[in-house]
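Reader: I should like to learn how to read several features of a structural model. Please take them one at a time.

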Amino acid sequence: MPRVSQDHLDARRRQILDGARVCFARFGYEGATVRRLEEATGLSRGAIFHHFRDKESLFLALAEDDALRMAEVVAEQGLVQVMRDLLVAPEPTGTEHPGDWLGTRLEVSRRLRTDPEFRARWAERSRGLTDATRQRLLRQREVGNLRDDVDVDVLTSFLELVLEGLVSHLAMGLPADDLEPVLDLVEESVRRHRRSA
């Protein structure tokens, strides 16, 4: 039997994650049945679960993948940019878009509230975004862009709370088209203000 290349395996895994993201966002964790996952990914149950042990492992891998991508955005542009990306509607083509993170983030938040076993498994994976935010803030402080009268850990917690509030706001279906100025205010609140001479 010919050996499958690592590139092929990686592409198949990406196909599964991208399809599962859409499925979990549309139907939630419970509603993302195996049949719906098959339809969303275009693959059979055997192909999906060859790469992931079970549905929970697939969801955790997806949530971790999204958290890593969000951490990359945080490292380059900050946590407020992640929030701005959440406000952008996904493209109608179904291709991955930063706004697609919202569906996964909503489902993670719901499961953290209702599933102690998931909470324990997720705790191991969720530190990346916090670490990336903290490191970004430390770099901004070093170059003089971040206010220095508040501890970096407090600023990290503040930004994470704003993110969770934004996710809740969007989850309730409240309007989001007027939130850019709010995010401008959040960003301004952590910046160092230079006194004019």
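Reader: Where is the place of valine 150?

Author: This is a predicted model. Valine 150 is placed in the loop between helix 8 (127-142) and helix 9 (152-171). Leaving aside neighbours within four places in sequence, valine 150 contacts Arg141 and Leu155.

Reader: How many residues apart in sequence are valine 150 and valine 190, and what is the C-alpha to C-alpha separation in space?

Author: In sequence, 40 residues separate valine 150 from valine 190, while their C-alpha atoms are 8.7 Å apart in space.

Reader: How does one look for empty space, and how many cavities of 30 Å³ or more does the count give?

Author: Empty space left among the atoms is shown by rolling over them a probe the size of a water molecule. In this model, the count comes to one cavity of 30 Å³ or more. The largest cavity has a volume of about 60 Å³.

Reader: Which residues line the largest cavity?

Author: The lining consists of Ala63, Asp66, Ala67, Met70, Trp101, Thr104, Arg105, Val108 and Trp122. Helix 4 (55-77) and helix 6 (101-114) are the elements that give two or more residues to this lining. By class, the lining residues divide into six nonpolar, one polar and two charged.

Reader: What is the average pLDDT of the chain, and where is the pLDDT below 50?

Author: Predicted coordinates should not be read in detail where pLDDT is low. Here the chain averages a pLDDT of 86, and 90% of the residues score at least 70. Over residues 91-96, however, the pLDDT is below 50. Beyond near neighbours in sequence, the stretch 91-96 has eight contacts in the model.

Notes
Residues numbered from 1 in each chain as written. Predicted model: local features only at pLDDT ≥ 70, side-chain atom pairs only at ≥ 80, totals over all residues. Heavy atoms only, no water. pLDDT = per-residue confidence, 0-100. Contact = heavy atoms within 4.5 Å. Helix = DSSP H or I, 4+ residues; strand = E, 2+ residues; numbered from the N terminus. 1 Å grid on protein atoms, 1.4 Å probe; cavity = no way out; pocket = protein on both sides within 12 Å on 5 of 7 lines; lining within 4 Å. Points joined across faces, edges and corners; volume = space filled by probe spheres on them. Nonpolar A, V, L, I, M, F, W, Y, C, P; charged D, E, K, R; others polar.
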